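Hi everyone, thanks for coming. Could you pull the structure up on your screens while I talk you through a few things in it?

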Amino acid sequence: MINIGAHCKNPGKMPEKFRKFIEEENSEGTIYVAFGTYPEWSLAPKRIISALIGAFERLNKFKIIFAYNGPPIKNLNKNILLTKWAPQLEILAHPKTKAYITHGGLKREGLCSGVPLILMPLFAEQAHNAQQLLVMGIGPVINKYTLTVDSVYSTIYSTVSNPKNILISKRFRSIFLDRPIKALDEGLFWIERITRLKPGRKVYFERKGINLNWINFLYFDFIIFIFIFILFLIF
């Protein structure tokens, strides 16, 4: 296995709806909130949504873009934009974006953008990843089991108000991208190299299963073992 790292894509053109929202004159910056496509916010505990929205409303000098697929939320402050889809790369690349709140999964956008991260792990490996990033000083962690309006607000505000966090994020971005060859170019090289070599094609692209005999393929050896074991128990 060849580890080529992650490829950072270049952002495209920002849709007008989001550009106007982000670049509003009185805004002190944008906070982007996205947890991927997996979470169903309609199934999330109400206390989590209430804590997040309550904190966002208190951050009324900032614009909040929340990728949200749950039921409608009434009487939202004008600084909050709920959207089922958002141009993530373009938002994170915008100079007015001050923080990225996400789950801590294996995604490259946070490191590629150089935007300060705030992590709220939801499941699987995300808690481990978030703890690693916390230890490295990349971003604070919000505990989904104990979060409150006050804790979410203080975590976000302390992150966006401290210029040191931007410097840390930019530094880790430069480390992440500091490579002798771009990840995409290295990946392309290894793919082309394998396809050029006939032995390579056989080793890397042919399944070992095609070389199994019919006894192994049909698990007869395993079935015979179980049968003998059962006979031994009976007699």
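Let's begin with residues 214–234: over this stretch the chain is 90% helix and 0% strand, and its end C-alpha atoms are 29 Å apart. Do keep in mind that what you're looking at is a predicted model. For residues 214–234, UniProt lists "transmembrane region", and the entry is an unreviewed one.

Now let's step back to the domains. The domain assignment divides the protein chain into domain 1, residues 21–177, and domain 2, residues 206–234. How far apart do the C-alpha centres of domain 1 and domain 2 lie? The answer is 52 Å.

Next, have a look at a helix pair, H2 at residues 46–58 and H6 at residues 149–160. Their axes come within 8 Å and cross at roughly 50 degrees. That angle falls outside the 65 to 115 degree range for roughly perpendicular and is not under 35 degrees either, so H2 and H6 are oblique to each other. As for handedness, the H2 and H6 crossing is right-handed.

Who makes the contact? From H2 we have Ser50, Ala51, Leu52, Gly54, Ala55, Phe56 and Arg58, and H6 brings in Val149, Asp150, Val152, Tyr153 and Ile156. Sorted by character, the residues of this H2 and H6 contact come out as eight nonpolar, two polar and two charged.

That's my tour, and I'm happy to take questions!

Key
Residues numbered from 1 in each chain as written. Predicted model: local features only at pLDDT ≥ 70, side-chain atom pairs only at ≥ 80, totals over all residues. Heavy atoms only, no water. Axes fitted to C-alpha atoms, helices over the stretch in contact; angles between N-to-C directions. Helix = DSSP H or I, 4+ residues; strand = E, 2+ residues; numbered from the N terminus. Parallel < 35°, antiparallel > 145°, perpendicular 65-115°, else oblique. Left-handed = near helix turned anticlockwise from the far one by under 90°. Contact = heavy atoms within 4.5 Å. Nonpolar A, V, L, I, M, F, W, Y, C, P; charged D, E, K, R; others polar. Domains from an automatic or database assignment. UniProt positions renumbered as here; feature names shortened; annotations may be inferred.
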